[in-house]
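The following exercises are to be worked with the sequence and the model at hand. Each task is followed by a stepwise solution.

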Amino acid sequence: QVQLVESGGGLVQPGGSLRLSCAASRSIVSFNTMGWYRQAPGKQRELVAGIPTTGTSNYADSVKGRFSISRDNAKNTVYLQMNSLKPEDTAVYYCNAQTSLPFGLIYDHWGQGTQVTVSS
């Protein structure tokens, strides 16, 4: 098991920036992919950004050019830099870590979430 602890959420005005952090209780290089998801009230949880151990990061179309995901393997931490925030970015943001299982299955680990509210 792994504990994922998010931080950095809060209230920000439109156009502002926030940096989310996700600290893992063990080495993140053991996971296939680390990522950030979000869930707004009344909506399904959606992928915001993902960063594999090796390879290229991917982003939801709605955040491309505004958000950037990065990782610090030495600190077992993943970051989400969010710029030019919009009211529609308001959601609970969840850190995710994926582990490969036999037979092509994937196991998802989740953090408890951190609230991001974009409002004037």
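## Exercise 1: Strand S3 and its partners

Strand S3 (residues 18-24) is largely enclosed by the rest of the structure, because five of its seven residues are buried. Buried means under 20% relative accessible area, exposed means over 50%, and partly exposed lies in between (1.4 Å probe, protein chains only). Strands (E, at least two residues) are DSSP runs, numbered from the N terminus. The model is predicted: local features need pLDDT of at least 70, side-chain atom pairs count only at pLDDT 80 or more, and totals for chains, interfaces and linings use all residues. Residues are numbered from 1 along each chain as its sequence is written, and side-chain values use heavy atoms, with hydrogens and water left out.

**Task.** Determine which residues stand opposite Ala 23 in the strands that pair with S3.

**Solution.**
- Step 1. Two strands pair if DSSP finds at least two bridges between them. Strand S1 (residues 4-7) pairs with S3 over four bridges, in the antiparallel sense.
- Step 2. Strand S8 (residues 77-82) also runs antiparallel to S3, and six bridges join these two strands.
- Step 3. Val 5 is opposite Ala 23, and in S8 the bridge partner of Ala 23 is Thr 77.

## Exercise 2: The aromatic cluster

**Task.** Describe the geometry of each aromatic pair and locate the charged group over the rings of Tyr 94 and Trp 110.

**Solution.**
- Step 1. A pair of aromatic rings is described by the distance of the centres and the angle of the planes. Rings of Phe, Tyr and Trp (its six-membered ring) pair if their centres lie within 6.5 Å; planes under 30 degrees apart count as stacked, over 60 as edge-to-face and the rest as tilted. By this rule there are two aromatic pairs.
- Step 2. Tyr 37 and Trp 110 have ring centres 5.0 Å apart and planes at 75 degrees, so this pair is edge-to-face. Because Tyr 37 lies in strand S4 (residues 33-39) and Trp 110 in strand S10, the pair ties together parts that are 73 residues apart in sequence.
- Step 3. Tyr 37 is buried at 17% relative accessible area, whereas Trp 110 is partly exposed at 35%.
- Step 4. For Tyr 94 and Trp 110, the ring centres are 6.5 Å apart and the planes stand at 90 degrees, so this pair is edge-to-face. Tyr 94 belongs to strand S9 (residues 91-100) and Trp 110 to strand S10, and the pair links distant parts of the chain, 16 residues apart. Tyr 94 is buried, at 15% relative accessibility.
- Step 5. Tyr 37, Tyr 94 and Trp 110 thus form one aromatic cluster.
- Step 6. A charge sits over a ring if NZ of Lys or CZ of Arg is within 6 Å of the ring centre and within 35 degrees of the ring normal. The charged end of Arg 45 sits over the ring of Tyr 94, 3.7 Å from its centre, and over the ring of Trp 110, 4.5 Å from its centre.

## Exercise 3: Arg 66

**Task.** State whether Arg 66 is buried or exposed, and which backbone oxygens its side chain reaches.

**Solution.**
- Step 1. Arg 66 is placed in the loop between strand S6 (58-59) and strand S7 (67-72). Its relative accessibility is 11%, so Arg 66 counts as buried.
- Step 2. The side chain of Arg 66 reaches the backbone oxygen of Ser 62 at 2.9 Å and that of Ser 84 at 2.9 Å.

Notes: Polar contact = N/O pair within 3.5 Å; in protein donor to acceptor, adjacent residues only side chain to side chain.
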